[in-house]
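Please examine the structure shown below before attempting the exercises. Each task is followed by a worked solution.

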Amino acid sequence: MAEIDSLAGLSSDELNAHWMPFTGNRQFKADPRLFVSAEGMHYTTADGRSVLDGFSGLWCSNLGHGRREIADAVAQQLTSLDYSPAFQFGHPLSFKLAKRLADMAPGDLNRIFFCGSGSEAADTALKIARAYWRANGRPEKIRLVGRAQGYHGVNFGGISVGGMVGNRKTFGPALDVDHLPHTLLPENRFSRGLPDHGGEAMAERLLDIIELQGAENIAAVMVEPFAGSAGVILPPKGYLKRLRELCDQHDILLIFDEVITGFGRTGSAFAAEEFGVLPDILTTAKGISNGAIPLGAVFAREGIYDTFMQGPEHIPELAHGYTYSAHPVACAAAMATLDIYESEKLFDRVREISPHFEEALHGLKDCPNVIDIRNYGLAGAIQLQPRDGEPGKRAMEVVLEAYKRGVLLRWTGDTIAVAPPFIIETAQIDQIAQTLREILQTVA
Ligand SMILES: Cc1ncc(COP(=O)(O)O)c(C=O)c1O
């Protein structure tokens, strides 16, 4: 019988060599949690256990794992055109993918700029917004507005507009940005779907910022349609519509970060469509290529692109781009991913299965220390009362225990987040809820 090795043969030198992102390195390396393979809804750990993926990897493997069609498309692309220079030259697949994405997107969000990640998409969007106003003859419109508890990746633009204090406070001054308040209101606790209270009033806090800074100085407001990383913080009914109205009234661009909400998580292709609010710029990554190959895409409205199309034709209209923008292998992975979303009608499936998901999560309301439960589509969060003097530890213990019991979840602060692949079965949703119930009864 093969020897079980929870370290997968790694030496301590090898473990120490990798400085892991967003991870307590010392805690992890003392007791590593290693996956060695994945298929469908499950990971297999180094010590041979099967773990149900309740988090789509990291909000990205929406189709589940080990999709043959994606692997084949990637292999085929690698052997036919492994790389093509991203600047001044092109390859046909990126144009086909761009057209396909444009056709999926609401309204005239039909000009697509490719990058390599959600963080790059965020910074790209912010730069486009500023450069747009300059191209429009209004160079003073450079200020950016984000929202408390927002997450837009980890680059300097993203952490400036973002509002998660832990991701900002150790890195010194970022951009000078104003923040709307987050939309987590006590009167909305245990709402199912979009909460009822406070929508318009919370959006109108933008007027305070406009009064302070002057709309003539503000380029854009950037928000996630619902905040994912901070623990599925939903916009109260009417919030996004009011934000759109105020941006229109004051000539401010509205940017939706759909890195999590894009590609079906809400039951529609994009949250913009689901909530009936059209942003000027929309950022995506993650589910665009099922997490198999890194890719990000920024969608701009046609008029924004057109504004840039001026000046000498040989000069790049936007001095921005990445070596891996529109990487052919990533484009191939995305094409295959979109094929599967379509052929298996997986956005419809999210819609069909999300009432069961909602029921299962809200069934945990009576468990000890649960102070709020939130959900939309296949995204959900269970918020726990922080333990005195040890914020974040209770949720961490729950998630680590769930991993031991064969379910992958994620914690952020004292919130446990659940975001399974769209192929999840109802029995597997029940397994997640039952595992959580048992653990919540015992974690003090
Ligand atoms: C809304 C949002 N924007 C941006 C990002 C950053 O994406 P990446 O980690 O690919 O840079 C994330 C990642 O979780 C996200 O949730």
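The exercises below concern a predicted model.

**Exercise 1.** Determine whether the distance between the ends of helix 17 agrees with its number of residues.

*Solution.* Helix 17 runs over residues 426–442, which gives 17 residues. At 1.5 Å a residue, the expected span is 24 Å. The end C-alpha atoms are 25 Å apart, which agrees.

**Exercise 2.** Establish how the buried residues of helix 17 are placed around its axis.

*Solution.* Begin with the list: Ile429, Ile432, Ala433, Thr435, Leu436, Ile439 and Leu440 are the buried residues of helix 17. These residues cover an arc of only 160° around the axis, which means that they lie on the same side of helix 17. Recall next that an α-helix has 3.6 residues a turn, so residues three or four places apart point the same way. Finally, turn to the other side of helix 17, where Thr426, Ala427, Gln441 and Thr442 are exposed.

**Exercise 3.** Describe how strand 1 and strand 2 are paired and connected.

*Solution.* Strand 1 (residues 35–39) and strand 2 (residues 42–45) pair in the antiparallel sense, with four bridges. Within this pairing, Phe35 is opposite Thr45 of strand 2. Two residues separate the strands, which form a hairpin; in the turn, Gly40 has a positive phi of about 60°. As for burial, strand 1 is hardly covered, since zero of its five residues are buried.

**Exercise 4.** Characterise the shell of residues around the ligand.

*Solution.* Around the ligand there are 15 residues, of which Ser117, Gly118, Ser119, Gly153 and Val259 come nearest. By type, the shell divides into six nonpolar, seven polar and two charged residues. By origin, helix 6 (residues 118–135) supplies the largest share, three residues.

Methods:
Residues are numbered from 1 along each chain as its sequence is written. This is a predicted model: local features need pLDDT of at least 70, side-chain atom pairs count only at pLDDT 80 or more; totals for chains, interfaces and linings use all residues. The expected span of a helix is 1.5 Å times one less than its number of residues. A residue is buried if 20 or more other C-beta atoms lie within 10 Å of its own, exposed if 12 or fewer, and partly exposed in between; C-beta atoms are placed from the backbone. The arc is that of the directions from the helix axis to the C-beta atoms. Two strands pair if DSSP finds at least two bridges between them. A residue is near a molecule or strand if its C-beta atom, placed from the backbone, lies within 6 Å of it. Ala, Val, Leu, Ile, Met, Phe, Trp, Tyr, Cys and Pro count as nonpolar, Asp, Glu, Lys and Arg as charged, and the others, Gly among them, as polar.
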